[in-house]
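Reader: Hello! Could you show me the structure, so that we can go through it together with a few questions?

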Amino acid sequence: MINESMQKSINEQINKELFSAYLYLSMAAYFEAQNLPGFAKWMRIQADEEQEHGMKFFEHLLERGGMVKLAAIEAPQTSWKSNQEVFKQVQEHEALVTASINALYELALKEKDYPAQVMLQWFISEQVEEEKNAADIVQQLEMIDAHGTAVLMLDHTLGKRGKE
Ligand SMILES: [Fe+2]
Ligand SMILES: [Fe+2]
């Protein structure tokens, strides 16, 4: 059975993943209001993926005889100054999540929790992808004028994101 300190940290991680879903859903709503459906679609898919991450931790706890304890999810921010600011926040938020996953992995090493180490390796690779995606969009937004037609082109591109 999974030990207490791992259970506590995984329960905290479930909350962080579900907060991430909430944050990205809030960003999707913001982009819908800005009439940028492609940006909004990208965020909706991002939110779905975070929900799936939360469920991976949820299932892991249950499979190992742990107790899932869901806590309140903090309300996310609802407005931003610019498109750039939104994606910069995604980048910063993903860096925080990466640090949290890494800390969880260190705990799994310390506790000699081998099944958790295997499960967390998937998240470690996923975070590399998450950080890269956010950084690429931040960089593209920096290259274009906030009111230029290039924003509409990027909206079109982001709208092509499929379920990964
Ligand atoms: Fe995640
Ligand atoms: Fe993420």
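## Helices, metals and cores

Author: Happy to. Let us begin with one helix: α3 has 28 residues and reaches 41 Å from its first C-alpha to its last, close to the 40 Å expected at 1.5 Å a residue. Please keep in mind that this is a predicted model.

Reader: Thanks! Which residue just after α3 takes a positive phi, and of about how many degrees?

Author: The place to look is just after the end of helix α3. The residue there is K112, and its phi is positive, at about 50 degrees.

Reader: Before I trust the details, where in the chain is confidence lowest, and where is it highest?

Author: Overall, the chain averages a pLDDT of 94, and 96% of the residues score at least 70. By element, the lowest confidence is in α5, with a mean of 83. The highest, at 98, belongs to α1.

Reader: Good to know. Which residues coordinate the iron ion (ligand 1), and at what distance?

Author: Two glutamates and a histidine take part: E17 and E50 through OE, and H53 through ND1. Along the chain these donors follow the spacing E-x32-E-x2-H. The residues coordinating the iron ion (ligand 1) are thus E17, E50 and H53, at 2.1 Å.

Reader: Which residue bridges the iron ion (ligand 1) and the iron ion (ligand 2), and how far apart do the two ions lie?

Author: One of the donors to the iron ion (ligand 1) is E50. E50 also bridges to the iron ion (ligand 2). The bridging residue is E50, and the two ions lie 3.3 Å apart.

Reader: And E50 and H53 themselves: are they buried or exposed?

Author: Both sit in helix α2, 3 residues apart, which is about one turn of the helix. As for their surroundings, E50 and H53 are both buried.

Reader: Let us turn to the nonpolar side chains. Which members of the largest nonpolar core touch the most other members?

Author: This core holds 25 residues. The elements giving it two or more residues are α1 (4–33), α2 (37–63), α3 (83–110), α4 (114–143) and α5 (149–158). Of these, α1 gives the most, with 7 residues. The members that touch the most others are M27, F31, F39, M43 and F87.

Reader: Which residues does F87 touch, not counting those up to four places away in sequence?

Author: F87 is among the members of the largest core with the most contacts to other members. With residues up to four places away in sequence set aside, F87 touches F31, F39, W42, M43, I137, V138, L141 and L158.

Reader: How many residues does the other core have?

Author: Another core lies apart from the largest one. Among its members are M6, I10, F57 and L104. Its size is 17 residues.

Reader: Now for charges: how many salt bridges does a search of the whole structure find?

Author: As a general point, side chains of opposite charge can pair when their charged atoms come close. The search of the whole structure gives a total of 8.

Reader: Why does the salt bridge between E32 and R44 tie together parts that are apart in sequence, and how many residues separate them?

Author: The side chains of E32 and R44 meet at 3.1 Å, N to O. E32 lies in helix α1 and R44 in helix α2, so the pair ties together parts that are 12 residues apart in sequence.

Reader: What about E142 and K88: how far apart are their closest N and O atoms?

Author: The two form a salt bridge that links distant parts of the chain, with E142 in helix α4 and K88 in helix α3, 54 residues apart. K88 is partly exposed, with a relative accessible area of 37%. The closest N and O atoms of the pair are 3.9 Å apart.

Reader: Is K110 buried or exposed?

Author: K110 meets E111 in a salt bridge, at 3.9 Å from N to O. E111 counts as partly exposed, at 28% relative accessibility. K110, at 61%, counts as exposed.

Reader: One last question: which residues is Y22 in contact with, leaving aside its neighbours within four places in sequence?

Author: Y22 lies in helix α1, and at 41% relative accessibility Y22 counts as partly exposed. Beyond its neighbours within four places in sequence, Y22 is in contact with I73, E74 and P76.

Key: Residues numbered from 1 in each chain as written. Chains lettered and ligands numbered in written order. Predicted model: local features only at pLDDT ≥ 70, side-chain atom pairs only at ≥ 80, totals over all residues. Heavy atoms only, no water. Core = buried A, V, L, I, M, F, W, Y, C linked by side-chain atoms within 4.5 Å. Buried < 20%, exposed > 50% of the residue type's maximum accessible area, 1.4 Å probe, protein only. Helix = DSSP H or I, 4+ residues; strand = E, 2+ residues; numbered from the N terminus. Contact = heavy atoms within 4.5 Å. pLDDT = per-residue confidence, 0-100. Donors = N, O, S within 2.8 Å, 3.2 Å for Na, K, Ca; no water. Expected span 1.5 Å × (residues − 1). Salt bridge = Lys/Arg side-chain N within 4 Å of Asp/Glu carboxyl O.
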